[in-house]
Amino acid sequence: MHCTARLSEMLDAYAADLESMSPWNNNKDSFLTEEVKVLCETKGIGLPNFLPRTSFLTILQRRIEVVAEIPIQFAQKVWNYVEDVFVRVLTMKSQSYPQLQSFTRWAAHNLMRKVRNQSIERVKEIVEMEKMADYSCSPDYINTWTRLMLQQQRFKDILNGGSNPKKLNFEMLGDVEFGHLQDTQIVQQAFDIKMRLMAYWKIVLRRLVDNMALHLLFTVQNLVNKDMEQDITSELMGGPSGCGGIGRMLEESPSVSSKRVKLNRSIKLLRDSNDVVSKIIDRISVYGDGEGSN
């Protein structure tokens, strides 16, 4: 129960870390600057009212790179905690078998290292998949983007007006100044891209949290219900050199071996003494018989 609660707390902290790294919280002073720059760099021959998908993906990939290490660090933190609990429980359960304890810990650390490496690779794949394409079947994207785009006309009015400073309270952004912008077609395209990115970013963050939670739960369940029994039993029976923990149980400890050698020596000495005594008794008997006959 404690382990489950701790994992839940770690997942909540991970989600908060991702949210705190949201790019919209850090670049209010340069509103639309990056979007305009990327649009200029990806400009091509085509109809003027089409947004280049390359621009959207370029900015999206940059955003994902900013948070790419957070899922990996979170996975490392979770597996450090799981390994600590896993090894402590196995050690406690094997206290009745002192010959197996050290080998059980060794096998547990090996298993955790394998599971951890596989999990980290999977987490990297989860992050890389988000860079490959901009896709979601969730209606939240369209709904959020449509709602955010309702601000565009007000943005244009302030941009073309004579009031200063040029400032607007945007949803999800708060108060933003944009006196450095002019009302051009590329600025309006940049505004559209930013609203799309903001709507889609919520889905990306949700997927990074949900996929991590499901992956870790599934992997931990497999570890406890499947991998632990198979791998540790295999290690105990076979071991790294063909002689596992069960074989070690059958091996004599140095103290027992020393006692066995001493006992064998004592047995041999007793046998030799018995032979000597038997011979002496035989001689006495023969001598006694000879005296009687005389």
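**Exercise 1.** Work out which exposure class Glu-171 falls into, and find its salt-bridge partner.

*Solution.* Start with exposure: Glu-171 has 28% relative accessibility, so it counts as partly exposed (buried is under 20% relative accessible area, exposed over 50%, partly exposed in between, with a 1.4 Å probe and protein chains only). Next, the partner: the side chain of Glu-171 meets that of Arg-147 in a salt bridge, N to O 2.7 Å (a side-chain nitrogen of Lys or Arg within 4 Å of a carboxyl oxygen of Asp or Glu). Finally, Arg-147 is partly exposed too, because its relative accessibility is 35%.

A note before going on: this is a predicted model, where local features need pLDDT of at least 70 and side-chain atom pairs count only at pLDDT 80 or more, while totals for chains, interfaces and linings use all residues. Residues are numbered from 1 along each chain as its sequence is written, and side-chain values use heavy atoms, leaving out hydrogens and water.

**Exercise 2.** Locate the salt bridge between Glu-83 and Arg-116, and decide whether the two residues are buried or exposed.

*Solution.* First, the side chains meet at 2.4 Å, N to O. Glu-83 sits in helix 4 (residues 69-93) and Arg-116 in helix 5 (residues 98-132), so the pair ties together parts 33 residues apart in sequence (helices are DSSP runs of H or I, at least four residues, numbered from the N terminus). Both residues are buried.

**Exercise 3.** Explain how Arg-196 and Asp-192 are placed in helix 8.

*Solution.* The two form a salt bridge, with the closest N and O atoms 2.9 Å apart. They are four residues apart in helix 8 (residues 185-237), so about one helical turn separates them. Asp-192 is buried, at 13% relative accessible area.

Notes
Helix = DSSP H or I, 4+ residues; strand = E, 2+ residues; numbered from the N terminus.
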